[in-house]
Amino acid sequence: MKRNYDLLVHKYSVCVMGFVLFCANHTKGVGLKKIQKYFSLTLPLLWLGAICWLSYSCQSKTTDVKQQSSIDKITEPIPVILDTDISGDYDDVGAMAVLHALADKGEIRILATVASNQSPLVAPTIEVINTYFGRPDLPIGAPKISGTTRDSRNIHWPDTLMANFPHTIQSNDDVPGAVQVYRSVLNSQPDTSVTIITVGYLTNMKNLLQSPPDSISSLAGKELIRKKVKTWVAMAGDFEDGREANVRKDSAASHYAISNWPTPVVFSGFEIGNDIVTGLELVKSGERTPITIPYRIGISSRPIDRKGRPSWDQTAVLAAGRGFDPYFSTRRGKFTATADGLSSWKDDPEGPHIRLVKKMGTEALTKEIEALMMHRPKEE
């Protein structure tokens, strides 16, 4: 736009200079009073022309900006794979509610929902929530090569979901390996199109990176990722304290995955979601759904959660689905996860990683996320 604007000004300047030269050639030998009279008649016309010209150019500039904004908003749903340790904590339930809400709104397209937790009820829990939101056929995988386990069976919300809602999967044993699901789904998608969202351990990221060529794809894992993945968005790291569960629980996998990932990575750190406390509105609703039950049981069982549960995982899904603005600003740099699971960050304008920084006020962002968590399934 600036180039077009400058061109208009240049053309107008040439016209004015031409007019002045014309006047100079045609007023030779004419008296001063006649020259003054001549210019007194023509100068207002020049001023009027200048005003109209500049007004037109500014209007054109504004119109183009509006058109560009409209164009930017017309986008296809973002294809995403969610990787979750659900059952380890119930903010994953909130994250899956946000995921399906964004899908129902046409903002994302869910390709698969993968478990990063070897606790046996993770895959069934994922299936219950997918089925509740009308997507029972989404591919589900679980770690088979290596992994770690953490669950919440002691407060009985996963088994409560199993007992009260339809599902066909009984345990993680009933689903294919996470790497197999990743390779199959990625191989079927257009190049540089897929966003991977991890809200749990980075076990599958490491195993996928290390996967060899197979009958699904002739590419090794890292090359398949490089070809098919646009962005990885991870709820991982604590950039204030340095200790965060998703990084520490499978620290070797975290260290390897973060060090070797070949595409852009966005990190939503522990500090981002820690004061975005949600869940009480779900409990107050009185409904019995696969989203409300874990929050009702979890909040009533844990005194620390009496005001709700921090929304660590939801922030990653929100950023992946809707982008950063107006929710977050960013810093570029390098995130290092040590072999023993400690997180550290160094600002670097040329660094390979992006870190979310709070932008929207906590109260407003809390309402935004809780509203998405309250989303009900689309009616058939």
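In this predicted model, residues 24 or more positions apart account for 82% of the contacts in the protein with a separation of 6 or more. The secondary structure comprises 15 helices and 11 strands. Of the 380 residues in the protein, 48% are buried. The accessible surface amounts to about 18,500 Å², and carbon and sulfur atoms contribute 56% of that area.

**The sheet**

An open sheet is formed by 9 strands, arranged in the order β3-β2-β1-β4-β5-β6-β11-β9-β10, with mixed pairing. The edges are occupied by β3 (140-141) and β10 (343-347); each has a single partner strand, so one side of each is left without a neighbour in the sheet. Elsewhere in the sheet, strand β6 (residues 265-268) and strand β11 (residues 353-358) run parallel and are joined by 3 bridges. Within this pair, V265 stands opposite H353 in β11.

**Helices against the sheet**

Helix α6 packs on the sheet, where the strands touched are β1 (78-84), β2 (108-115), β3, β4 (194-199) and β5 (229-235). Helix α8, in turn, lies across β4 and β5. The table lists the direction of each helix relative to one of these strands.

| Helix | Residues | Reference strand | Angle |
|---|---|---|---|
| α6 | residues 178-187 | β2 | about 160 degrees |
| α8 | residues 221-228 | β5 | about 105 degrees |

Both β4 and β5 therefore appear in the description of each helix: α6 touches β4 and β5, and α8 lies across β4 and β5.

How values were computed:
Residues numbered from 1 in each chain as written. Predicted model: local features only at pLDDT ≥ 70, side-chain atom pairs only at ≥ 80, totals over all residues. Heavy atoms only, no water. Pairing = 2+ DSSP bridges. Helix = DSSP H or I, 4+ residues; strand = E, 2+ residues; numbered from the N terminus. Contact = heavy atoms within 4.5 Å. Axes fitted to C-alpha atoms, helices over the stretch in contact; angles between N-to-C directions. Buried < 20%, exposed > 50% of the residue type's maximum accessible area, 1.4 Å probe, protein only. Areas by Shrake-Rupley, 256 points an atom, 1.4 Å probe, with all protein chains shown as cover.
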